[in-house]
Amino acid sequence: MHTPDSRARSDWSSLNGVQTVTISPLEKSIEKDIRIPGSKSFTNRALIIAAMADGPSTLSGILRSDDSYWCIDTLNKLGIQTKVDGDTIEIEGCAGDWPVKKADLYIGAAGTTARFLPGTLAAAKDGEWFVEASERMSQRPVELLLEGLRTLGASIESEGYYPLKVKGQGLKGGPVTISGAQSSQFISGLLIASPYAEKEVTVTIPDHIVQHAYVKITIDLMERFGAKVEANDELTTMVIPPSAYVGQTLDLEADASTASYFFALAALTNSRIKVTNLTMDTNQPDIFMVDLYEKMGCTVTRGEDFIEVQGTDQLQGDLDISMKEMSDQTLTIAALAPFATGPITLRDVEHIRHHESDRISAICAELTKLGIKVEEFNDGLTIYPGTPKAAVLDSYDDHRVAMSLSLIGLKVPEITINDPGCVSKTCPTYFELLKDLGVSVQFD
Ligand SMILES: O=C(O)C1=C[C@@H](OP(=O)(O)O)[C@@H](O)[C@H](O)C1
Ligand SMILES: C=C(OP(=O)(O)O)C(=O)O
């Protein structure tokens with residue numbers, strides 16, 4: 001079994017010390033409304049941008065999870081005053097000048113903080129910070145981002161991975177070219193710091209951006225905090241003139257990636273799930289999972305203030321899908337795939353081998369334990385229809401592995417998953433939300 005990195009679990013984690021969860025098959029289909037917690041992507045962007053801004057911000061609808069806990073903790077250690085009340089946070093911005101000039105920081109396992117924070121530290125006029133991350137985050141790529149920041153004038157020492165030593169000596173700005181093929185977060189990380197450079201920054205992407213919608217989310221949020229970004233439609237050229245963020249009052253979106261597991265539950269169990277705090281009017285790419293559920297035979301209602309998925313008694317297979325633009329959901333479809341009428345191939349996601357786990361290899365190993373035939377290739381996998389058997393499954397300290405595998409337990413008796421607390425990275429309440437829908441969830 002994979003040993004969890006306990007340091008990365010936070011005061012907002014759930015299920016500390018719980019060894020396993022067993023999900024029992026649904027006895028009858030569910031018809032329920034549900035509200036989904038706040039978006040991780042919006043929360044960590046808004047926290048960091050608000051911290052850099054001139055004046056106070058109030059953010060409501062924030063996600064309370066390990067990723068956001070460590071982001072707030074880091075901002076506090078940098079001297080940013082915050083007040084959290086439920087899912088609302090008040091933040092006193094520092095106008096680009098972090099009050100604490102020397103500190104050791106720990107950002108946990110969040111790719112977002114890991115990629116968005118270094119540029120904002122480097123942009124400060126003075127200071128020196130040592131930044132550590134979780135074990136897994138210290139293996140995930142950051143070097144291309146650091147090279148890009150150095151091109152803009154940053155002083156960052158590292159051996160290619162976390163930990164980093166960042167000196168605040170301001171950013172000069174100018175042109176920077178960076179690949180988008182490893183992580184869209186590198187581009188977001190350059191953009192978020194860029195208004196604080198002395199000169200205009202021009203970011204050029206020579207290839208393609210995996211999950212380019214996340215860069216769109218970054219640009220929109222930067223603009224909501226008063227910065228300017230001129231970008232072409234393909235997001236291959238982005239120009240950011242010097243400016244400053246101004247504190248805002250914002251209500252953040254619910255997390256479309258989390259919502260997708262509940263739509264998947266509906267899809268798999270012929271249930272009806274209505275998410276009442278999310279609509280199609282979002283840049284979060286995982287919202288388009290509903291199109292895929294529709295393709296698999298579900299009925300989707302895209303309301304003005306809700307989205308509803310009605311499942312089917314037989315999911316359709318024989319699909320060959322590029323998951324490049326919503327790659328966090330590769331595992332969700334892989335978990336549904338054994339129950340479909342034909343094989344499902346998921347492609348173009350080599351980069352998810354560098355996420356919280358090597359996700360392609362992890363899901364192939366766990367589906368194989370269930371007796372399901374899979375074919376693994378470098379940038380994806382094919383899953384064949386089959387009847388999963390009872391098994392104890394590993395979650396690899398990866399929230400999306402745990403949440404995806406839990407779906408199989410809705411159909412198959414005795415599906416047990418190790419370390420259910422790993423869901424705390426983005427959704428500590430995941431199993432509570434399942435229970436509230438009437439799912440039998442047993443912890444040991
Ligand atoms: O910017 C963001 O909020 C995210 C970008 C994506 O990362 P990559 O582009 O690194 O795959 C996504 O997988 C992650 O969950 C959230
Ligand atoms: C890849 C993910 O997270 P991170 O923000 O750490 O990259 C994810 O949530 O699936």
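Helix α1 is largely enclosed by the rest of the structure, because 13 of its 13 residues are buried. The model is a predicted one. Two ligands, two open sheets, a hairpin and a few backbone exceptions are described below.

**Helix α1**

- Helix α1 covers residues 40-52.
- At 1.5 Å a residue, its 13 residues should span 18 Å, and the end C-alpha atoms are 19 Å apart, which agrees.
- A residue counts as buried if 20 or more other C-beta atoms lie within 10 Å of its own, and 13 of the 13 residues of α1 are buried.

**Ligand 1 and its surroundings**

- Ligand 1 is surrounded by 13 residues, of which the closest are Ser41, Ser183, Ser184, Gln211 and Tyr214.
- Two elements, α3 (111-122) and α5 (184-193), give two or more residues to this shell.
- The element that gives the most to the shell around ligand 1 is α5, with three residues.
- Sorted by class, the shell around ligand 1 holds two nonpolar, 10 polar and one charged residues.
- Ligand 1 lies between domain 1 (6-37 + 254-443) and domain 2 (40-251), because both domains give residues to its shell.

**Ligand 2 and its surroundings**

- Around ligand 2 stand Ala110, Gly111, Thr112, Asp328, His355, Arg400 and Thr426.
- The classes represented in this shell are one nonpolar, four polar and two charged residues.
- Residues from domain 1 (6-37 + 254-443) and from domain 2 (40-251) contribute to the shell around ligand 2, so this ligand lies between the two domains.

**The sheet β4-β5-β3-β14**

- Four strands make up an open sheet with mixed pairing, in the order β4-β5-β3-β14.
- Its edge strands are β4 (82-85) and β14 (249-251), each of which pairs on one side only.
- From one strand to the next, the twist averages 10°.
- Strand β5 (residues 88-92) pairs with β4 in the antiparallel sense, over four bridges.
- Within this pairing, Glu90 in β5 is the residue opposite Lys83.

**The sheet β18-β19-β21-β20**

- Another open sheet of four strands has the order β18-β19-β21-β20, and its pairing is mixed.
- The edges are formed by β18 (319-322) and β20 (374-377); each has a single partner strand, so one side of each is left without a neighbour in the sheet.
- The twist in this sheet averages 10° from one strand to the next.
- Strands β19 (residues 344-347) and β21 (residues 380-383) run antiparallel and are joined by three bridges.
- Ile344 has Ile383 in β21 as its bridge partner.

**Strand β13 and its partners**

- In a regular strand the side chains alternate between the two faces of the sheet.
- Strand β13 (residues 237-240) shows such alternation: Met238 and Ile240 point to one face and are buried, whereas Thr237 and Val239 point to the other and are not buried.
- Strand β11 (residues 201-204) runs antiparallel to β13 and is joined to it by four bridges.
- Val201 is placed opposite Ile240 in β13.
- Strand β12 (residues 230-231) also runs antiparallel to β13, joined to it by two bridges.
- Glu230 is placed opposite Val239 in β13.
- A hairpin is formed by β12 and β13, with five residues between them.

**Backbone exceptions**

- Most residues other than glycine have a negative phi, and most peptide bonds are trans.
- Leu235 is not a glycine, yet it has a positive phi of about 60°.
- Leu235 is found in the loop between β12 and β13, and it is buried because 22 other C-beta atoms lie within 10 Å.
- Asp318 is another residue other than glycine with a positive phi, near 55°.
- Asp318 is found in the loop between β17 (307-310) and β18.
- A residue counts as exposed if 12 or fewer other C-beta atoms lie within 10 Å of its own; Asp318 has 11 such neighbours, so it counts as exposed.
- The peptide bond that joins Tyr162 and Pro163 is cis, with an omega of about 5°.
- Pro163 is located in the loop between β8 (155-157) and β9 (164-167).

Note on methods. Residues numbered from 1 in each chain as written. Chains lettered and ligands numbered in written order. Predicted model: local features only at pLDDT ≥ 70, side-chain atom pairs only at ≥ 80, totals over all residues. Pairing = 2+ DSSP bridges. Axes fitted to C-alpha atoms, helices over the stretch in contact; angles between N-to-C directions. Near = placed C-beta within 6 Å. Nonpolar A, V, L, I, M, F, W, Y, C, P; charged D, E, K, R; others polar. Domains from an automatic or database assignment. Expected span 1.5 Å × (residues − 1).
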